[in-house]
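Trainee: I'm new to this one, so please give me a close look at the surroundings of the ligand. After that, I'd like to hear how that part fits into the rest.

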Amino acid sequence: MTVQPAGSPAITLQFETPEDGPLVDALIDHAFGPGRFTKVSERVREFATFAPELSVCAWSEGRLLGCARMWRVRVGGRPAAFLGPFAVELGERNAGFGARLIARACEAAQAAGETHVVLVGDEPYFARVGFSTAAGRQVIMPGPVDQRRVLVRALRPDAGELAGPVQPA
Ligand SMILES: CC(C)(COP(=O)(O)OP(=O)(O)OC[C@H]1O[C@@H](n2cnc3c(N)ncnc32)[C@H](O)[C@@H]1OP(=O)(O)O)[C@@H](O)C(=O)NCCC(=O)NCCS
C-alpha cells in the first residue's frame, strides 16, 4: 500500500517480516535510547505475543522511516491488541507518517477481529488518532504507570469497555 500525503515523498506501508526485525530494532533503539527497557510497556512485551501480521513498517526507496509494532494480550480476560514501540525517524517526523502507521495497524487489527487497541503514551498525540484516556482508565498495567497515559481505541462501536489486568493472550 503506497500513500502520499500532500508535500511528502511516497511511502509504502508493509507488515513486518522477520528480515525487517534488525532494522526495526535499530530504528526503535535510535528513537528511544536504552531507557525504553524501563518502560511498563516493556513488561507487557515480555509476556505478550508479537503479531507481525498487524505490525506496520513505513518504507521509502528502501529506507525504513517508521514502525508500529503490535502484540496480542488479554485485558480482564478479553483479547486485545497492544501497540508499541511506535517511532518515526527524526528527520521524517511531522509529515503524517506516524498517524498513517497507527491507522494501518488499527485497520489490520480490526480486520483480524480485534475489538480494542491498548497502548501507553502521550494522550495529546494519540487522541488525534482515536485513543482515549477515559477508555483506558480501568486497564491495569503490570507495573507502575501514570494511568492518564494508558490509552485505548475501540475498533467497533459495540466493543464495550476494557477493564482488568493486562495478561498474556
Ligand atoms: C511520536 C512519533 C512516532 C510521531 O511520528 P510523526 O510521523 O511525527 O507523527 P505525525 O506526523 O502523525 O504527527 C505529528 C504531529 O504530532 C505532534 N506530536 C508528536 N509527538 C507528540 C507528543 N508526544 N505529544 C503531542 N503531540 C505530539 C507533532 O508536534 C505534530 O504536530 P502538528 O501536526 O500539529 O505539527 C514521533 O514523534 C517519534 O518517533 N517520537 C519518538 C518516539 C516516541 O515518542 N514514540 C511514541 C511513544 S508512545
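Mentor: I'll begin at the ligand, follow the elements around it, and then step back to the whole chain. Keep in mind that this is a predicted model, where local features need pLDDT of at least 70, side-chain atom pairs count only at pLDDT 80 or more, and totals for chains, interfaces and linings use all residues. Residue numbers start from 1 along each chain as its sequence is written.

So, who sits around the ligand? There are 17 residues there, and Arg93, Gly98, Ala99, Gly121 and Asp122 come nearest (a residue is near if its C-beta atom, placed from the backbone, lies within 6 Å of the molecule). The elements giving two or more residues to this shell are α1 (21–32), β6 (78–88), α3 (97–111) and α4 (123–126). Those names come from DSSP runs numbered from the N terminus: helices are H or I with at least four residues, strands are E with at least two. β6 gives the most, with four residues. By character, the shell divides into ten nonpolar, five polar and two charged residues; here Ala, Val, Leu, Ile, Met, Phe, Trp, Tyr, Cys and Pro are nonpolar, Asp, Glu, Lys and Arg are charged, and the others, Gly among them, are polar.

Let's follow β6, since that strand gives the most. Proline 85 lies in β6, and the peptide bond leading into proline 85 from glycine 84 is cis, with omega near -5°. That's worth a second look because most peptide bonds are trans, and most residues other than glycine have a negative phi. Moving on, the loop between β6 and α3 holds asparagine 94. Although asparagine 94 is not a glycine, its phi is positive, about 65°. Asparagine 94 counts as exposed because it has 8 C-beta neighbours inside 10 Å: buried takes 20 or more other C-beta atoms within 10 Å, exposed 12 or fewer, partly exposed is in between, and C-beta atoms are placed from the backbone.

Next comes α3, another contributor to the shell. α3 has 15 residues and reaches 21 Å from its first C-alpha to its last, close to the 21 Å expected at 1.5 Å a residue (the expected span is 1.5 Å times one less than the number of residues). Its buried residues are Phe97, Gly98, Arg100, Leu101, Ile102, Arg104, Ala105, Cys106, Ala108 and Ala109. Just after α3, glycine 113 takes a positive phi of about 95°.

What does α3 meet? Try alanine 58, in strand β4. Alanine 58 is buried because 24 other C-beta atoms lie within 10 Å. Beyond its neighbours within four places in sequence, alanine 58 is in contact with Ile11, Leu13, Leu65, Gly66, Phe97 and Leu101 (contact means C-beta atoms, placed from the backbone, within 7 Å). Alanine 58 and arginine 100 are 42 residues apart along the chain, yet their C-alpha atoms are separated by 8.9 Å.

Now α1, which also helps to form the shell. Its twelve residues should span 16 Å at 1.5 Å a residue, and its end C-alpha atoms are indeed 16 Å apart. Glycine 33 follows α1 with a positive phi, near 75°. On the other side, the loop between β2 (11–15) and α1 contains proline 18, which is exposed because it has 7 C-beta neighbours inside 10 Å. Proline 18 and proline 52 are 34 residues apart in sequence and 8.3 Å apart in space, C-alpha to C-alpha.

Finally, step back. The protein has five helices and ten strands. Its radius of gyration is 15 Å, close to the 15 Å the globule rule gives for 169 residues, so it is as compact as a globular protein of that length (the radius is taken over C-alpha atoms, and the rule is 2.2 Å times the number of residues to the power 0.38). Of those 169 residues, 36% count as buried. Among contacts with a separation of 6 or more, 68% come from residues 24 or more positions apart.

Notes: Two residues are in contact if their C-beta atoms, placed from the backbone, lie within 7 Å.
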